[in-house]
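User: Could you take me through one part of this structure up close? I'd like to look at the place where the ligands sit and what surrounds them.

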Amino acid sequence: MTHKPLIDTCAAILDDAQHTVTSTPQLSASHEFSLDDAYAIQAAVLERRLARGERRVGMKMGFTSRAKMVQMGVSEMIWGRLTDAMMLEEGSSISLEGFIHPRIEPEVAFLLKDRLEGDVTLLQARRAVEAVAPALEIIDSRYENFKFSLEDVVADNSSSAGVVLGRWSSPDTDLENLGVVMSFDGEPERIGSTAAILGSPWRSLVAAARLSASRGEPLEPGTIVLAGGATAASYLRPGLHVRVEVEGLGRADLKVDG
Ligand code: OOG
Ligand code: MG
């Protein structure tokens, strides 16, 4: 049974928090809801954004690396929905005004050319990919102090807030164990490997196909999928120049207004 009033109330709280750039207490402190409800709340938040003219462009995976699980104290894979309003121009300078307490993390992105639905093999996942790119993800929990339970973060669209994509490369590029460096003002801030993402980012895409289909939203051609942070995330601050470099894949840059 779904609890429509609960879903709508929670979606309104989270959507308003994002809008008004004001953090909110964890929903789980005052509302009882299941993981299923949490995904329904996430879908309802998305409906509100789509009603305002945003367009769905993709899906992001979360907690696919140990570093992320440990940092946030959540040990189950999650996913979220990406819209065009979250896409930031590579190399551009952004204002932090619309964010509550943004953090940034290094990622790998996939662009699908074919539909990917349900239980697929690694080979099927590879064949459905048009291109791969290095990426930066800005996460901005709508919860106070960036603290949440599994259900809380799922309801909050898995903290989705911004995405920067580097140049697309052929999916034949080896992705299994590439060095990943996220630097702040030219100094390494987080260092890792794509192997930290479930052993290989391809596994994250396989999981994305399964999880999205289980909610009746199979991955369609043209969809962008973020594989999940390869390292823990770091807080953004004014004036910062952030760069992600993924060995053999290239880089992506983002600047923050001073
Ligand atoms: C939740 C989002 C997790 C990732 O890449 O693991 C995530 C959070 O850390 O706030 O995006
Ligand atoms: Mg992420």
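Analyst: Here is a walk through the ligand site, starting with the space itself and ending at the metal.

Keep in mind that this is a predicted model. Start with the space: the spot taken up by ligand 1 is the largest cavity. Around ligand 1 there are 17 residues, and the ones that come nearest are Phe63, Lys68, Glu105, Ser159 and Gly229. If you sort that shell by character, you get seven nonpolar, five polar and five charged residues.

Where in the fold does the shell come from? Four elements each give at least two residues to it: strand S1 (56-62), helix H3 (66-72), strand S5 (103-112) and strand S6 (129-139). S1 supplies the largest share, with three residues.

Now zoom in on the oxygen atoms of ligand 1. Ser159 has a polar side-chain atom 2.7 Å from one of the ligand's oxygens. For Glu105, a polar side-chain atom sits 2.8 Å from an oxygen atom of ligand 1, and for Glu137 the matching distance to a ligand oxygen is 3.0 Å. So how much of ligand 1 does the protein bury? On its own, ligand 1 would expose 320 Å², and the protein buries 100% of that.

Next comes the metal, and you'll recognise some names. Ligand 2 is a magnesium ion, and its protein donors are the OE atoms of Glu105, Glu107 and Glu137, at 1.9 to 2.0 Å from it. Along the chain, these donor residues follow the spacing E-x1-E-x29-E. Glu105 belongs to strand S5 and Glu137 to strand S6, so this pair ties together parts lying 32 residues apart in sequence.

Put the two ligands side by side, then: Glu105 and Glu137 are donors to the magnesium ion, while Glu105 also has that polar side-chain atom 2.8 Å from an oxygen of ligand 1 and Glu137 has one at 3.0 Å.

Note on methods:
Residues are numbered from 1 along each chain as its sequence is written. Chains are lettered from A and ligands numbered from 1 in the order in which they are written. This is a predicted model: local features need pLDDT of at least 70, side-chain atom pairs count only at pLDDT 80 or more; totals for chains, interfaces and linings use all residues. Side-chain values use heavy atoms; hydrogens and water are left out. A residue is near a molecule or strand if one of its heavy atoms lies within 4 Å of it. A polar contact is a pair of N or O atoms within 3.5 Å; within protein, one must be able to donate a hydrogen and the other to accept it, and residues adjacent in sequence count only if both atoms are side-chain atoms. Accessible areas come from the Shrake-Rupley method with a 1.4 Å probe; for residues, only the protein chains shown count as cover. On a 1 Å grid over the protein atoms alone, a cavity is a set of points where a 1.4 Å probe fits but cannot get out, and a pocket is an open set with protein on both sides within 12 Å along at least five of seven lines; lining residues have an atom within 4 Å of a point. A molecule sits in a cavity or pocket if more than half of its atoms lie within 2 Å of its grid points. Ala, Val, Leu, Ile, Met, Phe, Trp, Tyr, Cys and Pro count as nonpolar, Asp, Glu, Lys and Arg as charged, and the others, Gly among them, as polar. Donors are N, O and S atoms within 2.8 Å of the metal (3.2 Å for Na, K and Ca); water is not among the atoms, so sites may look incomplete.
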